[in-house]
Each structure stands twice: as structure tokens, then as C-alpha cells.
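Biologist: I should like to learn how to read this model. Please begin once it is displayed.

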Amino acid sequence: MKRFVLMLGILLMSFTLFSNLGISAVNLSSQEIKDILHMREEEKLARDVYTTLYNLYKIPTFYNISKSEQTHMNAVKTLINYYNLKDPITDDSVGKFSDPKFTELYNNLIERGKKSVIEALKVGILIEELDIKDLQEAINRINKADIIRVYTNLLKGSQNHREAFIKVLQRYGESYTPTYTN
């Protein structure tokens, strides 16, 4: 985990150092722009859900991964800045999203997570599976090395997060059947 955070930090610094090279959204396809903006809000969704579920259940995994999701948000924000895109996050309050689909998803996931600790952990796994699926699809649609690098690091983080939630769920004597990924 420390290695991942270090690599992400180096990547963020390199983007910051080279952000004044005149790169703009013109260099991106409409799908690449859509994917970057989607990933920004999807990472916020994960952070916000985990923050809320941590406040309900005080399970350290939710707290730790919510902090990691903030790092993921920052990585995508670096892409937004680098390509001079408009950040979809205009209100960083928990549960506030520009895209109404994320607001609805947040509300549904929180309602499900409030049912029990088991459901809350399954929500965590579900979010990570959705993130993995979306990242894999986005990686397959692009050819820009910088974006692929960020998405690949986010993908590794999401795979680790999914495994962390599965391990905690197993401690409760439960198993999980994948919804989006294998």
C-alpha cells in the first residue's frame, strides 16, 4: 500500500511539473474526457460511501480505504488539471455529485449499507467491482500513456480494496459472489 501511494505521489508530482506545457482537452477524445470526469465522481462516490459507513460501523477498513479514495480522487483531479478540463466536483460535501446518477447510487448504497455490517461490507466490494469494471473499460478505450498509467494504478488500488473488504466479510463468516468482476 505504501508503495502504491508513493508511486501515485510521484505520478502526481510529474503531472504538476509538466502541467504548463499547453496540453488541453483538445488533445483528448470526447470519450476520454467523459471517462476522466466519470472516474473523478466515481472515486468520490467510493470515498463518500466509505466515510458514511465508517461513521455508522467504525470498521477501520472503511476509514482507511476512504482515505485512499481521496488519493484516487486527487490523481484524477491531476488529469483534469493537466488537460484543462472542468472538474465535475463543484461541491465536495459527502453525497453531493454533479451527475444525478451518482447521487442516486450514493443514496441506494447507503440505504443498503445501513441494513447491517454485512451489507455495508458487500457495498464496499460492489463499489470496488464497479470501479474495476469501469477502469478496465476506460483503459481499453484509450491510447494515452499518462492516462493509462493513472488508471492502471487506480485499478490496482481498487483490486486491493476489494480484497480487503472480502477479508473483513469472511471474518464475519460470510462469502461474496462477484457482481461485476471475477
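The dialogue below takes up the fold, one residue and the largest pocket.

Modeller: This is a predicted model, in which local features need pLDDT of at least 70, side-chain atom pairs count only at pLDDT 80 or more, and totals for chains, interfaces and linings use all residues. Residues are numbered from 1 along each chain as its sequence is written, and side-chain values use heavy atoms, with hydrogens and water left out.

Biologist: How many helices and strands are in the chain?

Modeller: Helices (H or I, at least four residues) and strands (E, at least two) are DSSP runs, numbered from the N terminus. The chain has six helices and zero strands.

Biologist: Does one call Thr78 buried or exposed?

Modeller: Buried means under 20% relative accessible area, exposed over 50%, and partly exposed in between, with a 1.4 Å probe and protein chains only. Thr78 has 12% relative accessibility and therefore counts as buried. Thr78 belongs to helix H3, residues 60–82. Its C-alpha is 9.5 Å from that of Val150, although 72 residues separate Thr78 and Val150 in sequence. Of the 182 residues of the chain, 48% count as buried.

Biologist: Which element gives the most to the lining of the largest pocket?

Modeller: On a 1 Å grid over the protein atoms alone, a pocket is an open set of points where a 1.4 Å probe fits, with protein on both sides within 12 Å along at least five of seven lines; lining residues have an atom within 4 Å of a point. Here H2 gives the most, with seven residues.
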